[in-house]
Amino acid sequence: MTVLADRVDGVIGVDTHRDTLTAAAVTAVGGLLGQLVVAADAAGYQRLLDFARARVPGRRCFAVEGAGSYGAGLTRLLVERGEWVVEVDRPKRPARRGGKSDALDAVRAAREALAQERLAAPRRRGDREALRVLLATRQGAVTARTGAINQLKALIVGAPEQLRAELRRYSTSGQVGYCAGLRDRPTRSLEHRMTVSGLRSTALRVQFLTAEASQLEGEIGRLVGAVAPWLLELPGVGPISAAQVLVSWSHAGRLRSEAAFAALAGVAPIPASSGQVTRHRLNRGGDRQLNRALHTVALVRLRDDPTTRAYAARRRGDGKSPREIRRCVKRAIARHLFKLLQRYDRPDVEIVRIC
């Protein structure tokens, strides 16, 4: 018997889609009690909850696929009503011998939750969801800005020689500003005029996206300052990295230990020993956005923080490579952040340096 099977009388698995939700109630040993298909709206959420209460009137748990996407509305209602909700992964792409349907996926979600020893709690909404939305929107602006700059560079490469000569002496930011101020000259050739038009349009797009990303970063910084101002006081932690840490961590109790947080961040060491050589390698899994945030913090500390630089020198003396030192620093940062995050809402948090 698994931990969940010992604690509930039944599990309601939910396969989520944009327009419909398919639920399946099973007993604690996996027997099917009933199934239901409802619309993915407020009325459908209530029908599904009534169905669960009727099929499993005692202790129950909801196993929801996509609790942060198509199942977000249902998860929010269930949590508000005091129900126990866990998140299960969607099935792998390869087809199964038993076939595939929404009803089968709902049963699979419930039975998979019963079989798991470690259950994943859905991430908290509210401030955490607000930060996630801002981060995603800013990342979209930054990605689009990079694409626009690349397009501008390509236009400059193929531009008439006179334009190329004018732009060659500028840096990227200078080229953007110069191209944004270009004006049409009717006396020029059609090729020259259309190239100027394309350069100006692309440069104005870069400037707009730069301003949008900067505005979003300011909003993120203000929200992080309201939620966890102490996080911004840590060495190497800026608004974007702090926001990503809060989004991935979500809330106290979601992750069972600092080792689980390190695994989520992709900084838990993976054994890579051979023969008489004992070593570990970098973890390529986990939440890559959180991993990038910790990587940024580690690089800043290795560059500017005396304590971290002394730690790196000590590990270098132990024979560690630069990559292994960065891994160790990221692991230590993850351990430190988790301990602080577990009590981040306390005003008397004591910030203790680890490395």
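This passage walks through the strands, salt bridges, surface charge and loops of a predicted model.

A good place to start is strand β1, which spans residues 10-16. Seven of its seven residues are buried, so β1 is largely enclosed by the rest of the structure. The cover extends to both faces of the strand: G10, I12, V14 and T16 are buried on one side, and V11, G13 and D15 are buried on the other. Strand β1 has two pairing partners to consider here, β2 and β4. With β2 (residues 20-27), β1 runs antiparallel, and seven bridges join the two strands. Three residues separate β1 from β2, and the two strands form a hairpin. Within this pairing, T16 of β1 stands opposite L21 in β2.

The pairing of β1 with β4 (residues 60-65) is parallel and is made through five bridges. Two facing positions help to trace it: V11 stands opposite C61 in β4, and G13 stands opposite A63 in β4. Strand β4 is itself well covered, as six of its six residues are buried, so the strand is largely enclosed by the rest of the structure. On one side of β4 the buried residues are R60, F62 and V64, while on the other side they are C61, A63 and E65. Strand β4 also pairs with β5 (residues 85-88), again in parallel, with four bridges between them. Here A63 comes up once more, since this residue stands opposite V86 in β5. Following A63 therefore leads from G13 to V86 in β5, with A63 itself among the buried residues of β4 in a strand that is largely enclosed because six of its six residues are buried.

Attention now turns to charged side chains. Side chains of opposite charge can pair when their charged atoms come close. Across the whole structure, a search finds 16 salt bridges. One of them joins R18 to D19, with the closest N and O atoms 2.9 Å apart. The two partners fall into separate accessibility classes: R18 is exposed, with a relative accessible area of 60%, whereas D19 is partly exposed at 46%.

A further salt bridge brings R331 and E258 together, at 2.8 Å from N to O. This pair links distant parts of the chain, with R331 in helix α13 and E258 in helix α10 (residues 258-265), 73 residues apart. Of these two residues, R331 is buried, with a relative accessible area of 12%, and E258 is partly exposed at 21%. Elsewhere, salt bridges that share partners join R125, R128, E129 and R132 into one network. Within that group, R125 and E129 form a salt bridge in which the closest N and O atoms are 3.8 Å apart. For R125, the relative accessibility of 29% places the residue in the partly exposed class; E129, by contrast, is buried at 12%.

Helix α13 (residues 322-341) also holds R323. This arginine joins R281, R284 and R288 in forming a positive surface patch. With a relative accessible area of 48%, R323 is partly exposed. It can take part in such a patch because membership calls for over 30% relative accessible area and no salt bridge. Helix α13 thus contributes both to the patch, through R323, and to the link with α10, through R331.

Two loop residues round out the description. S250 lies in the loop between α9 (239-249) and α10, and its phi is near 75 degrees, a positive value in a residue other than glycine. S250 is buried, with a relative accessible area of 5%. The other residue, A272, is found in the loop between β6 (270-271) and β7 (280-281). At a relative accessible area of 22%, A272 is partly exposed. A272 and G71 are 201 residues apart in sequence, and their C-alpha atoms lie 39 Å apart in space.

Methods:
Residues are numbered from 1 along each chain as its sequence is written. This is a predicted model: local features need pLDDT of at least 70, side-chain atom pairs count only at pLDDT 80 or more; totals for chains, interfaces and linings use all residues. Side-chain values use heavy atoms; hydrogens and water are left out. Patches are made of residues with over 30% relative accessible area and no salt bridge: like charges are joined within 9 Å, nonpolar side chains (Val, Leu, Ile, Met, Phe, Trp, Tyr) within 5 Å. Accessible areas come from the Shrake-Rupley method with a 1.4 Å probe; for residues, only the protein chains shown count as cover. A salt bridge is a side-chain nitrogen of Lys or Arg within 4 Å of a carboxyl oxygen of Asp or Glu. Lys and Arg count as positive and Asp and Glu as negative; His and the chain ends are not counted. The place of a charge is taken as NZ of Lys, CZ of Arg, CG of Asp or CD of Glu. Buried means under 20% relative accessible area, exposed over 50%, partly exposed in between (1.4 Å probe, protein chains only). Two strands pair if DSSP finds at least two bridges between them.
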